[in-house]
Every structure is written in structure tokens, then in C-alpha cells.
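Okay, thanks everyone for coming. I'll take a few minutes to walk through this one, so let's get it up on the screen.

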Amino acid sequence: MKNARKAQTIREFAARLLKECGIDEPPVPVDEIAEHLGAEIRYSPFDGELAGMLVRGDEGEIVIGVNSLHHINRQRFTIAHECGHLLLHKGKDVHIDKTFRVNRRDELSSKAVDPDEIEANRFAAELLMPYDMIVDDIVDYELDMEDDEELAELATRYQVSVQALTHRVTNLFKNIF
Amino acid sequence: MKRLAIVTFSRLVCKLRSVTDGVPDPLYEAFGKLVHQHRKRVDRMTQDRLGALVGLSRTSITNIEKGRQHVSLHQLYRIADALGVTPDLLLPVPPKPGTSKLAQKLPPGTDPEITQWAATLKPRKAKPETA
């Protein structure tokens, strides 16, 4: 089984896409990005662990399906995750995504997951919390990881869940120091 | 005059029955379940708060979610608006397996519930309100 591509590689994909769409501040309009990639977003309620899916149709149509029962921030993450599959994984026509393990900090649990899923999750984080923007904010806010209110404020600014933001910032700190 | 009053009264009774007939109906139960699920998705959206937003009591919301109270069309729109979804997402969809091209793309062995879900996906025109 191949390994997931490195964070740096995934970051470049996300940064290029953000630049193409002219996005330079949060919150990142993820539905516009999906449209830019030629995907149509559709919704339906699903009572269970299903987050969403990506389908490439026979006539070139691309559909991102989202579980409308999930929290809006979670739906944004799902759309970003599916955009990741769309951009990074050309070979497979259908991706069905159950609950993502975004809040697991230990590497062991993510190793058990398909590398495509790891890449799509990394991409979603890089797209919704772009490197340049988040690093600037960490410096500007003098972010204290122990301060729940600060984390919540920053999560609101990016329209992501507090878990997704905490995970992102923890990973950044790990790579910087 | 008296007859008119009786006629009006019986009409009122009929109307009340149609609104709250108390008999469980699978269609309204399915609708109520969707309202309940979409309400739970929104932060701090209690039955009280939803009631206040749509001009109904908490008890009415309980009854609607249980399928005991039948909503009117304008109430459907108000509830959808309060929950930040388009009204169609609250409408139960009868199963029609195999009618969606999208669902047909799914690989064999896909969970039937997921296939059914894929067949009911719809675009969202209005942007959801961020509560």
C-alpha cells in the first residue's frame, strides 16, 4: 500500500487552488471552490455515520453529496474533503466517506486508514485553514492552546469546528518546533 | 343566526381535527423525525426556541416531531427557515431505488441505505443561515 503524500505536497495543491479562486482571507468559501472544480453540491439527510461522497458521472458530471444533518462546519469539512479526492485521486469514480477521524492526535489511528483518506483530510485542513492565514493568526493572536475561548474564536473565524482547528494548530506546532 | 353558529362551530371542530388529530401517520412521523434531526444539528436549538421562531408553543413542536400534529404549508416554510435548510430537505422522500443515475454509479455491495440516500440528493439554492 502506498504512503500518503506529505503535508507539504498537499499544502501546495490547496494553496494553488486558493490562489486560482482569489481567496486570501477566512472563512474560505468552500462551496465556491467546489464549483470552481466543476462539482455540484447536493444535500440529503442521513441518520448515521455517513458524512458525504464524491461521484464522477459517465458524462463528466461531478457531484458532491453532503449529509444535511451534520453541523454546518462539519458539512464544510466534508465538502473540502471531497474536493481533496476530486483533485488528488483521479482514478476512482466513487468515494463514500463515513466519519472522519479529524480529532485523533495520535498517528497510530490514522495509519490504519486508507492513504487516500489521510490525504483528503490533510487537504481539507489546508483548504479551510490555509497555512499562511493560520500562521499569521497564531502570531497575531499570540495563541494559547490552553485557552478554550481563544480557540473557539479562531474556529469561528475560519468556520471550522474547534476540534478541527485544535488538530490543525497542534500539527503545525509539531512541525515548527 | 343559531344555525350559522352551529355550522361555524362544526367547521371549527373539523379544522382543529385536521390540524391535531392525534392519530399517528407514517408520513407525519417521517416529517417529524426530519424536523427533529435537523433541529438537533443546530447549536442550542431547543424545542422552545424553534417554537418561538416559528410562532408555535414548545408542546406543538413536540407534537410535530412525534407526528401527532400536522403542519400547514406556511409552517413548513417557517420551520425550514428557522433550521437553516430549504423546505424540501424536511419532506420525506418515498424510496425509488434505481431511478437515480447517481445511485446507479455506486459500486455493487454498497449499503442500501447509502444508495437510497444518494438517490435523494438535492441541490440547495438558498444559503443556510449560520445560527
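**Two helices, a sheet and the cores**

So, helix 2 of chain B and helix 4 of chain B are oblique to each other. Keep in mind that this is a predicted model. The two helices in question are residues 26-41 and residues 58-66 of chain B, and they pack at an angle of about 120° with their axes 6 Å apart. From helix 2 of chain B, the contact takes in B:Y28, B:E29, B:F31, B:G32, B:K33, B:V35, B:H36 and B:R39. Helix 4 of chain B brings B:I64, B:E65 and B:K66. If you sort that contact by class, you get four nonpolar, two polar and five charged residues.

Okay, over to the sheet. It's an open one with five strands, mixed pairing, and the order is 4(A)-2(A)-3(A)-1(A)-1(B). Which strands stand at the edges? Those are strand 4 (94-98) of chain A and strand 1 (122-123) of chain B; each has a single partner strand, so one side of each is left without a neighbour in the sheet.

Now look at strand 2 of chain A. Seven of its seven residues are buried. With strand 4 of chain A it runs antiparallel, joined by five bridges, and there you can see A:L50 opposite A:K98. Strand 2 (residues 50-56) of chain A also pairs with strand 3 (residues 62-67) of chain A, antiparallel again and over five bridges. In that pairing, A:V55 has A:V63 as its bridge partner, and A:G52 has A:V66. These two strands form a hairpin with five residues between them, and in the turn A:G60 has a positive phi of about 85°.

What packs on the sheet? Helix 3 of chain A does, touching strand 1 (39-44), strand 2, strand 3 and strand 4 of chain A. The direction of helix 3 makes about 30° with that of strand 2 of chain A.

Last bit, the cores. The largest nonpolar core has 60 residues, and the ones touching the most other members are A:L127, A:L165 and B:L90. Our helix 3 (residues 72-88) of chain A turns up here too, giving the most to this core with six residues. Apart from that core lies another, of 13 residues, including A:V94, B:L102, B:A103 and B:L106.

And if you zoom in on A:L165, leaving aside neighbours within four places in sequence, the contacts are A:M129, A:I134, A:L151, A:L154, A:A155 and A:V160.

Definitions and conventions:
Residues numbered from 1 in each chain as written. Chains lettered and ligands numbered in written order. Predicted model: local features only at pLDDT ≥ 70, side-chain atom pairs only at ≥ 80, totals over all residues. Heavy atoms only, no water. Core = buried A, V, L, I, M, F, W, Y, C linked by side-chain atoms within 4.5 Å. Buried < 20%, exposed > 50% of the residue type's maximum accessible area, 1.4 Å probe, protein only. Helix = DSSP H or I, 4+ residues; strand = E, 2+ residues; numbered from the N terminus. Contact = heavy atoms within 4.5 Å. Pairing = 2+ DSSP bridges. Axes fitted to C-alpha atoms, helices over the stretch in contact; angles between N-to-C directions. Parallel < 35°, antiparallel > 145°, perpendicular 65-115°, else oblique. Nonpolar A, V, L, I, M, F, W, Y, C, P; charged D, E, K, R; others polar.
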